[in-house]
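Biologist: I'm new to this one and would like to learn how to read it. Could you take me through it feature by feature?

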Amino acid sequence: MNILVTGGAGYIGSHTCVALLNEGHSVIIADNFVNSNQSVINNITKITKKPIKFYNVDVTNETLINNIFRENKIDGVIHFAGLKAVGESIEKPISYYFNNIVSTILIAKMCQMYNVNRIVFSSSATVYGNNSSPFTESMKLLPTTNPYGETKVICERILLDVVKINPRLSVSILRYFNPIGAHESGLIGESPNTIPNNIMPFITQVAKRLREKLYIFGNDYPTKDGTGIRDYIHVMDLAEGHVASLNNTPVGYHIYNLGTGIGTSVLELVKTFEETNKIKIPYEIVGRRPGDIALCYADVTKAQVELGWTAKCDLTTMCRDAWRFEKNQSLINY
Ligand code: NAD
Ligand code: UD1
């Protein structure tokens with residue numbers, strides 16, 4: 001298939017492009033590099049030795065998106081492009097609502113205009129709010145604590161209504177848990193342009209001594225060791241989940257959790273990183289981060305049964321691959 005990948009130069013998008021190309025699909029990337037770098041595209045080509053077509057465009061620009069659909073015979077779209085920093089979304093709600101929602105509306109509109117009948121949308125476990133883990137796809141969604149989370153809820157809702165008027169359309173809503181790690185080549189990975197919000201890039205920067213220590217946000221949660229529990233998934237497993245979803249999602253509106261189903265605490269993650277890479281990670285326990293929940297892990301049965309997909313990598317592999325990528329990065333001062 002010829003797949004348009006919006007946000008394909010980003011962290012999850014780049015790994016998904018590798019998985020798609022390895023499966024024999026063709027890839028067209030649309031990215032404005034607001035949170036990525038054009039060198040990523042060369043690195044995807046280095047890994048796969050396959051050509052990629054790319055457009056440096058803002059996917060909220062209707063004219064430019066229309067050009068891509070006009071110039072290419074597209075069989076499906078994976079829509080990753082979006083802003084994702086939770087704290088920033090509270091400071092800049094208009095940017096977040098505009099970027100994430102307008103882009104989704106335009107993708108849906110173009111798919112309708114050009115008879116493209118497959119859409120895969122990047123959603124997040126954040127839409128479950130403070131439900132009890134494990135989260136199942138049929139749970140009633142609870143309010144999220146920030147505009148970023150709300151954009152995901154709204155986009156899911158928009159796509160549900162779009163499916164209702166097109167009996168040939170297949171929409172996969174993929175709710176990601178916590179992707180970490182990197183491609184085993186060490187050529188692509190998570191490389192935030194600013195101070196990392198998420199835990200793994202923070203840990204790898206401490207490991208590289210770019211930062212003095214990790215701040216652990218709370219050890220008074222009702223969990224085994226008091227620190228937050230998350231469902232960490234290797235980004236290549238997540239990437240494979242997109243390929244499975246493109247191949248196997250039937251017509252209609254379908255939601256899938258993409259996680260491992262295993263909960264890991266912050267302290268367990270730090271310990272596994274230290275043991276795997278033989279590096280000490282100094283840390284300090286500080287207060288809880290506003291908006292954090294104690295437990296967040298997936299029930300992954302639906303993706304296993306309906307997509308035939310299951311995550312394979314363990315936490316050790318995730319920690320090893322994250323560190324390999326970080327070591328390969330040239331020194332950056334934030
Ligand atoms: P990322 O920031 O690394 O990638 C997003 C890409 O989209 C970047 O390359 C950025 O330049 C591009 N982009 C943003 N706005 C754009 C626009 N208007 N036009 C063109 N390109 C644009 O983020 P990621 O971690 O790869 O996340 C991809 C998607 O998955 C996002 O929608 C994010 O909300 C969602 N998601 C991510 C996580 C996570 O933990 N990383 C978890 C749940 C959901
Ligand atoms: C966060 C977002 C979520 C988003 C996801 C992916 C919040 C509240 N949630 O999820 O909406 O979909 O990223 O972008 O921001 N931790 C530390 N120290 C750190 C960083 C994190 O102790 O420096 C802890 C957190 O408290 C949490 C765990 O590590 O228990 C994972 O945090 P993080 O990587 O930020 O992911 P989430 O909070 O799960």
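Modeller: Sure. Let's begin with a term: an axis here is a line fitted to C-alpha atoms, for helices over the stretch in contact, and angles run from 0 to 180 degrees between N-to-C directions. Keep in mind that this is a predicted model.

Biologist: Okay, and how do I describe two helices that pack together?

Modeller: Two packed helices are described by the angle between their axes and the distance between the axes. Take helix H3 (residues 62-71) and helix H5 (residues 93-113): their axes come within 10 Å and cross at roughly 40°. That angle makes H3 oblique to H5.

Biologist: Which hand does the crossing of H3 and H5 have, and which residues make the contact?

Modeller: The crossing is right-handed. On the H3 side you'll find Glu62, Ile65, Asn66 and Phe69, and on the H5 side Leu106, Lys109, Met110, Cys111 and Met113. Sorted by class, the contact of H3 with H5 has six nonpolar, one polar and two charged residues.

Biologist: Let's try another pair. At what angle do H1 and H8 pack?

Modeller: Helix H1 (residues 11-22) and helix H8 (residues 235-248) pack at about 60°, with their axes 8 Å apart. So H1 is oblique to H8. This crossing is right-handed. H1 brings Tyr11, Ile12, His15, Thr16, Val18, Ala19 and Leu20 to the contact, while the residues from H8 include Val235, Met236, Leu238 and Ala239. Between H1 and H8 the split is eleven nonpolar, three polar and one charged.

Biologist: And how are H1 and H2 arranged, roughly parallel or roughly antiparallel?

Modeller: The angle between H1 and helix H2 (residues 39-48) is about 30°, and their axes are 10 Å apart. Angles under 35 degrees count as roughly parallel, and H1 and H2 are therefore roughly parallel to each other. Their crossing is right-handed. Ser14, Cys17, Val18, Leu21 and Asn22 of H1 meet Val40, Ile44, Ile47 and Thr48 of H2. That contact has six nonpolar, three polar and no charged residues.

Biologist: Now the ligands. How should I read the surroundings of ligand 1?

Modeller: Start with who is around it, then look at pairs of N or O atoms. There are 26 residues around ligand 1, and Ile12, Asp31, Asn35, Ser36 and Tyr148 come nearest. From the backbone, a polar atom of Val34 is 3.0 Å from an oxygen atom of ligand 1, and an N or O atom of Val59 lies 2.9 Å from a nitrogen atom of the ligand. Lys152 uses its side chain: a polar atom there is 2.9 Å from an oxygen atom of ligand 1.

Biologist: How many residues surround ligand 2?

Modeller: Ligand 2 has 18 residues around it, the closest being Ile199, Tyr215, Arg230, Arg289 and Asp292. Look at the side chains too. Polar side-chain atoms lie at 3.0 Å for Ser124 and 2.9 Å for Asn178, each from an oxygen atom of ligand 2. For Thr126, an N or O atom of the side chain is 3.3 Å from an oxygen atom of ligand 2.

Biologist: What about the backbone itself?

Modeller: Most residues other than glycine have a negative phi, and most peptide bonds are trans. Asn115 is not a glycine, yet its phi is positive, about 55°. You'll find Asn115 in the loop between H5 and S5. Next, a cis peptide bond joins Ser133 and Pro134, with omega about 0°. Pro134 sits in the loop between strand S5 (118-124) and helix H6 (147-164).

Key:
Residues are numbered from 1 along each chain as its sequence is written. Chains are lettered from A and ligands numbered from 1 in the order in which they are written. This is a predicted model: local features need pLDDT of at least 70, side-chain atom pairs count only at pLDDT 80 or more; totals for chains, interfaces and linings use all residues. Side-chain values use heavy atoms; hydrogens and water are left out. Helices (H or I, at least four residues) and strands (E, at least two) are DSSP runs, numbered from the N terminus. Angles under 35 degrees count as roughly parallel, over 145 as roughly antiparallel, 65 to 115 as roughly perpendicular and the rest as oblique. A crossing is left-handed if the near helix is turned anticlockwise from the far one by less than a right angle, and right-handed if clockwise. Contact means heavy atoms within 4.5 Å. Ala, Val, Leu, Ile, Met, Phe, Trp, Tyr, Cys and Pro count as nonpolar, Asp, Glu, Lys and Arg as charged, and the others, Gly among them, as polar. A residue is near a molecule or strand if one of its heavy atoms lies within 4 Å of it. A polar contact is a pair of N or O atoms within 3.5 Å; within protein, one must be able to donate a hydrogen and the other to accept it, and residues adjacent in sequence count only if both atoms are side-chain atoms.
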